[in-house]
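The following exercises practise the reading of a protein model. Please attempt each task before turning to its solution.

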Amino acid sequence: MLALTITAAVHIGVFGTFHPKVLDLRPAAGTVLMVQAQGKTQTLQGTQSLRITGPVYVSGAGGEPVRFSLAVPGVVRREYAGRLTVRKSGVELIPVVEMSRETAVASILDGEGAGALSLEARKAQAIVARSYLAAVRGRHEGFDFCDTTHCQALHGAPIAASSVARAVRDTREQVLVYKGSIVPAMYTANCGGRTKTPLDAGWMIGGYPYFPIACPRKGETAGHGIGLCQLGANDMAQHGATYTQILSRFFPQTTLESVAQHQPMFISDMGVHAAR
């Protein structure tokens, strides 16, 4: 299981596209949930579940992060690792999961389909996703990121034996740095043979210039075309390129450094989609 210590926590709003009015909460296997609501605390364990219709706060015993299952009944169910806060806005519930950055990266790789990529391409995407999380904050009112491609698609926390969890472990804490600042790195499904600059896409973004890069993946484009091309990275990996070579190709003039060595200059809202 991924480590549950909350370090460099990020706050992810989940299930927003479903506009839930009711949520179903269950403990993951072997966990005990502490649920605080209306000034009272109750525990959930084993096969117990709770129907949520108003504000709650969920953690493990002692307030530590924990694995739990959350669902919009009859629509979607996912397992997360962290702490859960649910607030109410009108008739809708706003569930927000506080999780460690590394857990978020693994969940994003799972949500963005990186499991289908070669290992070195998965590692490259892990670093790109982590860089974005480290450089950007507050894209939504009340939380940092959503779980859609408006920010980065995020599914539940994968198991430790998964291919995406391995890619995260192998690149732990590594981020892209340009002129001393962490790059708010973006990626796209298929650039069609050449990546775009933000200006090409009609975006005004400061910081990293996003050079147009020739890519081995040709064909019909899919996505905004800026930053790492997922299929191009996979082609490079299948021909023997390492993740460092892939990142050097798509993000020239950057270096790979530990996120702990930098104080990110947070960008509150880039006004663009990070992924796809």
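Helices (H or I, at least four residues) and strands (E, at least two) are DSSP runs, numbered from the N terminus. The structure is a predicted model, in which local features need pLDDT of at least 70 and side-chain atom pairs count only at pLDDT 80 or more, while totals for chains, interfaces and linings use all residues. Residues are numbered from 1 along each chain as its sequence is written, and side-chain values use heavy atoms, with hydrogens and water left out.

**Exercise 1. A residue in a loop**

Locate Thr31 between its neighbouring strands, decide whether Thr31 is buried or exposed, and state what the side chain of Thr31 reaches.

Solution.
Step 1. Thr31 belongs to the loop that joins β2 (23-27) to β3 (32-37).
Step 2. Buried means under 20% relative accessible area, exposed over 50%, and partly exposed in between (1.4 Å probe, protein chains only). Thr31 has a relative accessible area of 15%, so Thr31 is buried.
Step 3. A polar contact is a pair of N or O atoms within 3.5 Å; within protein, one must be able to donate a hydrogen and the other to accept it, and residues adjacent in sequence count only if both atoms are side-chain atoms. The Thr31 side chain reaches the backbone oxygen of Ala28 at 2.8 Å.
Step 4. Contact means heavy atoms within 4.5 Å. Not counting residues up to four places away in sequence, Thr31 touches Leu44, Gln45, Gly46, Val66 and Arg67.

**Exercise 2. A helix and its cover**

Determine how many residues of α1 are buried, and what covers them.

Solution.
Step 1. Ten of the eleven residues of α1 are buried, and the helix is mostly covered.
Step 2. The buried residues are Arg101, Glu102, Thr103, Ala104, Val105, Ala106, Ser107, Ile108, Leu109 and Gly111.
Step 3. Their cover includes the strands β1 (10-13), β8 (76-89), β9 (92-99) and β13 (187-188), together with the helices α2 (119-135) and α3 (163-170).
Step 4. Ser107 serves as an example from this helix, which runs over residues 101-111. Its relative accessible area is 1%, and therefore Ser107 is buried. Leaving aside neighbours within four places in sequence, Ser107 is in contact with Met99, Ala153, Leu154, His155, Gly156, Ala157 and Pro158.
Step 5. Just after α1, Gly113 takes a positive phi of about 75°.

**Exercise 3. Positive phi outside glycine**

Find the loops that hold Gln38 and Gln253, and give the phi of Gln38 and of Gln253.

Solution.
Step 1. Most residues other than glycine have a negative phi.
Step 2. Gln38 sits in the loop between β3 and β4 (40-45), and its phi is positive, near 55°. Gln38 counts as exposed because its relative accessibility is 81%.
Step 3. Gln253 sits in the loop between α5 and β15 (255-258), and its phi is positive, near 70°. Gln253 counts as exposed because its relative accessibility is 57%.

**Exercise 4. Two further residues**

Is His239 buried or exposed, and is Lys123 buried or exposed?

Solution.
Step 1. His239 lies in the loop from α4 (230-238) to α5 (243-250). With 74% relative accessibility, His239 counts as exposed. A polar atom of the His239 side chain lies 2.9 Å from the backbone oxygen of Asp235.
Step 2. Lys123 has its place in helix α2. With 11% relative accessibility, Lys123 counts as buried. Not counting residues up to four places away in sequence, Lys123 touches Ala167, Asp170, Thr171 and Tyr243.
Step 3. Lys123 and Gly192 are 69 residues apart along the chain, and their C-alpha atoms are separated by 22 Å.

**Exercise 5. The whole protein**

State how many helices and strands the protein has, and compare its radius of gyration with that of a compact globule.

Solution.
Step 1. The protein contains five helices and 15 strands.
Step 2. The radius of gyration is taken over C-alpha atoms, and the globule rule is 2.2 Å times the number of residues to the power 0.38. For 276 residues a compact globule would have a radius near 19 Å, and the protein agrees, with 19 Å.
Step 3. The C-alpha trace spans about 55 × 35 × 35 Å along its principal axes.
Step 4. Of the 276 residues, 55% are buried.
Step 5. Among contacts between residues at least 6 apart in sequence, 72% join residues at least 24 apart.
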